[in-house]
Amino acid sequence: MITKDEIQELLHSTETYRVERTTSTGDMDKFQEAICAFANDLPNSRKKGSLILGAYDNGTLSGLKVTDDLLKKIAAIRSNGNILPIPVMSVDRFTFPEGDLLVAEVSPSDLPPVRYRGRTFIRIGPRRDIATEAEERILAERRMSFMATFDTMPCLAAKMNDINTDLLRTKYLIPLLGNELVESDTRSIEEQMAAVGMYDTEHQCPTYAAVVLFGNKPRRFMPGLYVQYVCFKGEDVTSEVENEMQLEGNYCELLPRLESLLELSVIKKKPVFVSILREEMVSNYPYTAIRELLLNACMHRDMQSNTPLRFYEFASHLEILNAGGLYGNARPENFPSVNDYRNPLVASAMKTMGYVNMFNRGVGQVQADLKENGNQPAEFNVNLITAFKVDVKVAQNYINENGGNVGGKNGGNNGDDIPVFELTEIQKDIIDSIREDGTISVDQMAVKLAVKKRTLEREIADMKQKGYISRTGSPRSGHWEVNIPLNSVVEM
């Protein structure tokens with residue numbers, strides 16, 4: 001709060017843009033316009049403005065007697081709904097031999113433009129006026145610059161010894177700026193960090209981004225900053241737990257651990273039968289897709305939430321749930337075409353360290369990788385408001401005993417370790433036709449089997465998908481191959 005000595009200075013101050021003197025006590029419109037103008041702080045001085053009641057323009061006192069009713073009346077301006085956003089202000093009475101002064105001290109708003117009854121008032125030197133369209137645009141742009149994201153804010157409880165500066169230097173500064181430039185930089189580590197948004201010089205402390213990325217114990221400052229992994233034997237959280245672990249630490253430590261978890265515990269491969277002479281390895285999930293989903297969850301999560309990033313593995317699907325729904329310009333109706341960053345500094349650092357690309361192509365690449373591996377598309381629940389959920393089903397060719405692409409019903413066999421394939425009559429005729437002539441065309445086959453071409457094409461497409469047959473080469477010069485061993489077909 002302002003002091004008596006400061007009041008004496010303001011009474012005769014030449015900084016006319018931050019002081020308004022008046023002898024009036026009843027012109028409420030004038031007072032509210034003045035408070036609105038001080039809150040907008042068009043000169044961007046970041047200094048408080050003062051409305052002084054009981055003084056002439058030359059700084060002499062009028063002999064006003066400030067009553068409690070007058071104090072309450074002026075104080076009520078703050079929250080009467082006429083000035084929005086609500087200004088930050090304080091009101092006090094000062095007594096001098098020549099009379100009293102009522103001083104309303106107004107802080108510059110971080111959310112300009114501030115309006116009084118829909119109009120934006122500003123100070124132009126000693127004058128108060130209505131802002132032009134260009135001046136309103138300046139205030140609106142300033143509002144955006146003041147709206148710092150959480151990761152750029154100072155972590156007031158953290159000190160420099162809470163940051164692993166060796167990690168910061170080797171994992172971030174050198175990849176970002178180059179070894180030669182970092183080695184030749186003679187500034188203090190605090191100044192180097194401040195230059196890349198990792199240190200707040202005003203409050204003399206690291207930012208939350210520095211704590212998240214390089215903090216020694218980041219959960220001291222953000223309790224929910226960890227990954228909860230649980231592997232269930234069944235299909236829901238009531239099932240028996242097979243494995244569980246809690247992964248925490250700064251992102252330089254946590255992200256490699258997540259990658260190791262995927263490689264060693266989550267992503268599984270096994271050989272499946274393709275033909276009598278060939279097997280191939282199939283995965284339950286594509287590593288690149290699940291890695292991308294986890295890294296995006298770490299990048300976009302709400303760091304202020306006490307909820308951990310939840311990574312649950314069930315018998316037939318994976319579930320990733322992180323705090324914080326769609327952010328900024330991203331909406332359910334435009335996801336995933338439009339992207340925005342809740343933690344832009346963390347996202348930029350993760351790109352520098354090689355974990356993400358920030359090209360807004362992650363979801364599309366995930367779906368492509370899942371399709372190639374034989375998984376269904378990932379399901380994104382973007383309507384939870386305070387959370388973001390992804391569900392990924394296990395690949396069908398992994399859970400089927402014989403691979404799903406090729407194999408008999410229930411993986412049956414004929415006693416000689418040759419799988420049995422139960423085919424319809426038309427499917428059996430197709431295979432017999434191909435075995436007789438591997439170059440036969442669909443038109444020729446339709447005539448030979450006396451089947452409509454459309455029906456034949458539908459059956460062939462189904463058999464190709466299941467891996468029973470395949471086509472090599474062009475439609476004209478290519479040939480068919482049968483992937484089912486002889487004597488392994490049973491007609492349904």
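Ala, Val, Leu, Ile, Met, Phe, Trp, Tyr, Cys and Pro count as nonpolar, Asp, Glu, Lys and Arg as charged, and the others, Gly among them, as polar. The model is predicted: local features need pLDDT of at least 70 and side-chain atom pairs count only at pLDDT 80 or more, while totals for chains, interfaces and linings use all residues. Residues are numbered from 1 along each chain as its sequence is written, and side-chain values use heavy atoms, with hydrogens and water left out.

**Exercise 1.** Find which residues line the largest cavity, and sort them by class.

*Solution.*
Step 1. On a 1 Å grid over the protein atoms alone, a cavity is a set of points where a 1.4 Å probe fits but cannot get out; lining residues have an atom within 4 Å of a point.
Step 2. The structure holds one cavity of 30 Å³ or more. The largest cavity has about 60 Å³ of space, a volume being the space filled by probe spheres set on the points, which are joined across faces, edges and corners.
Step 3. Its lining consists of Tyr17, Arg18, Ala37, Phe38, Asp41, Leu42, Pro43, Ser45, Lys47, Lys48, Gly49 and Arg123.
Step 4. By class, this lining has five nonpolar, two polar and five charged residues.

**Exercise 2.** Explain why the buried residues of helix H3 lie on the same side of H3.

*Solution.*
Step 1. Helices (H or I, at least four residues) and strands (E, at least two) are DSSP runs, numbered from the N terminus. Buried means under 20% relative accessible area, exposed over 50%, partly exposed in between (1.4 Å probe, protein chains only).
Step 2. In H3 (residues 68–75), Leu70, Leu71 and Ile74 are buried. They lie on the same side of H3 because they cover an arc of only 105° around the axis, taken from the directions from the helix axis to the C-beta atoms.
Step 3. Asp69 and Lys72 are exposed, on the face of H3 turned away from its buried side.
Step 4. The cover over the buried residues includes helix H2 (28–40) and the strands E2 (49–53), E4 (89–96) and E5 (99–106).

**Exercise 3.** Describe the lining of the largest pocket.

*Solution.*
Step 1. A pocket is an open set of grid points with protein on both sides within 12 Å along at least five of seven lines.
Step 2. The largest pocket has about 510 Å³ of space. Of its 32 lining residues, Asn296, His300, Phe335, Asn339 and Val363 are the closest to its centre.
Step 3. Helix H10 (287–300) gives the largest share, six residues.
Step 4. The lining has 18 nonpolar, ten polar and four charged residues.

Notes. Contact = heavy atoms within 4.5 Å.
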